[in-house]
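Open the model in your viewer and keep the selection tool handy. We will go from stop to stop, picking something to select and looking at what is there.

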Amino acid sequence: MGISKLAGMRSKDPNTQVGACIVSEDNNILSMGYNGFPKGCSDDDFPWDREGDMLHSKYAYVTHSELNAILNFRGGSLEGSKLYVSLFPCNECAKAIIQSGIKTVIYDSDKYNGTPGNTAAKRMFDAAGVTYVKYEHTGRTLSIDV
Ligand SMILES: [Zn+2]
């Protein structure tokens, strides 16, 4: 989870930084991702706004951390892997998680619990046999000076 949150800190989204880290069944890191625009889509040219019409808001352009972590993986199959993510996946990421073969989601925040997208994600995880568990904080603090 620490690696996920570190990855999330790379996001340029001024409001929401989400990070994800995919690990193998024996906990080796396979991939990481954070919420951002696709390659070539500069933060100077694309909006981070949350308001306004779709073309002028981030929602048309941003790729979530979970999908980026899946797409960043170049090593073959993610079958049976686990995903650590700082925020419970939305329904769109849930589809990608299921289809990629990830079997366990360990999440921290679930601040959208009960919203339609969140409920849909859990419904799909339940149907597909993807386990989701709340991360249990260790009480450790990570401080890195770079
Ligand atoms: Zn998502």
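The tour below starts with a metal site and then visits the sheet, the cores, the rings and a few single residues.

**Before we set off**

This is a predicted model, in which local features need pLDDT of at least 70 and side-chain atom pairs count only at pLDDT 80 or more, while totals for chains, interfaces and linings use all residues. Residues are numbered from 1 along each chain as its sequence is written, and side-chain values use heavy atoms, with hydrogens and water left out.

**Stop 1: the zinc ion**

Select the zinc ion first. Which protein atoms are its donors? They are ND1 of His64, SG of Cys90 and SG of Cys93, at 2.0 to 2.3 Å from the ion. Donors here are N, O and S atoms within 2.8 Å of the metal (3.2 Å for Na, K and Ca); water is not among the atoms, so sites may look incomplete. Along the sequence, the donor residues follow the spacing H-x25-C-x2-C. His64 and Cys90 link distant parts of the chain, 26 residues apart: His64 is in the loop between strand 2 (29-34) and helix 2 (65-72), and Cys90 is in the loop between strand 3 (82-87) and helix 3 (91-100). Helices (H or I, at least four residues) and strands (E, at least two) are DSSP runs, numbered from the N terminus. His64 counts as partly exposed, because its relative accessibility is 33%. On this scale buried means under 20% relative accessible area, exposed over 50%, and partly exposed in between (1.4 Å probe, protein chains only).

**Stop 2: the sheet**

Now switch to a cartoon view. You should find an open sheet of 5 strands in the order 2-1-3-4-5, with mixed pairing. Two strands pair if DSSP finds at least two bridges between them. Which strands sit at the edges? Strand 2 and strand 5 (131-134) do, each pairing on one side only. On average, neighbouring strands of this sheet are turned by 20 degrees against each other, direction ignored. The axes behind such angles are lines fitted to C-alpha atoms, for helices over the stretch in contact, and angles run from 0 to 180 degrees between N-to-C directions.

Select strand 4 (residues 104-109) together with strand 5: the two pair in the parallel sense over 4 bridges. Tyr107 has Lys134 of strand 5 as its bridge partner. Next, add helix 2, which packs on the sheet and touches strand 1 (19-23), strand 2 and strand 3; its direction makes about 135 degrees with that of strand 2. Contact means heavy atoms within 4.5 Å. The buried residues of helix 2 are Ser65, Glu66, Asn68, Ala69 and Ile70, and their cover includes strand 1, strand 2, strand 3 and helix 3.

**Stop 3: the cores**

Select Leu83 and Phe125. Of the 21 residues in the largest nonpolar core, these two touch the most other members. A nonpolar core is a set of buried Ala, Val, Leu, Ile, Met, Phe, Trp, Tyr and Cys residues joined through side-chain atoms within 4.5 Å. Which element gives the largest share of this core? Helix 3 does, with 4 residues. Beyond its neighbours within four places in sequence, Leu83 has contacts that include Ala20, Ile22, Ile97 and Val105. Apart from this core lies another, of 6 residues, among them Met1, Val23, Tyr84 and Tyr135.

**Stop 4: the rings**

Show the side chains of Phe88, Phe125 and Tyr132. Rings of Phe, Tyr and Trp (its six-membered ring) pair if their centres lie within 6.5 Å; planes under 30 degrees apart count as stacked, over 60 as edge-to-face and the rest as tilted. The count comes to 7 aromatic pairs. Phe88 and Phe125 are edge-to-face because their planes stand at 65 degrees, with ring centres 6.0 Å apart. Phe88 counts as buried at 5% relative accessibility, and Phe125 is buried at 0%. Phe88 and Tyr132 also form an edge-to-face pair, with centres 5.5 Å apart and planes at 90 degrees. Elsewhere, ring pairs join Phe37, Phe46, Trp48 and Tyr61 into a cluster.

**Last stop: Lys58**

Finish by selecting Lys58, in the loop between strand 2 and helix 2. Is Lys58 buried or exposed? Its relative accessibility is 6%, so Lys58 counts as buried. Not counting residues up to four places away in sequence, Lys58 touches Asp13, Thr16, Phe37, Pro47, Trp48, Asp49 and Arg50.
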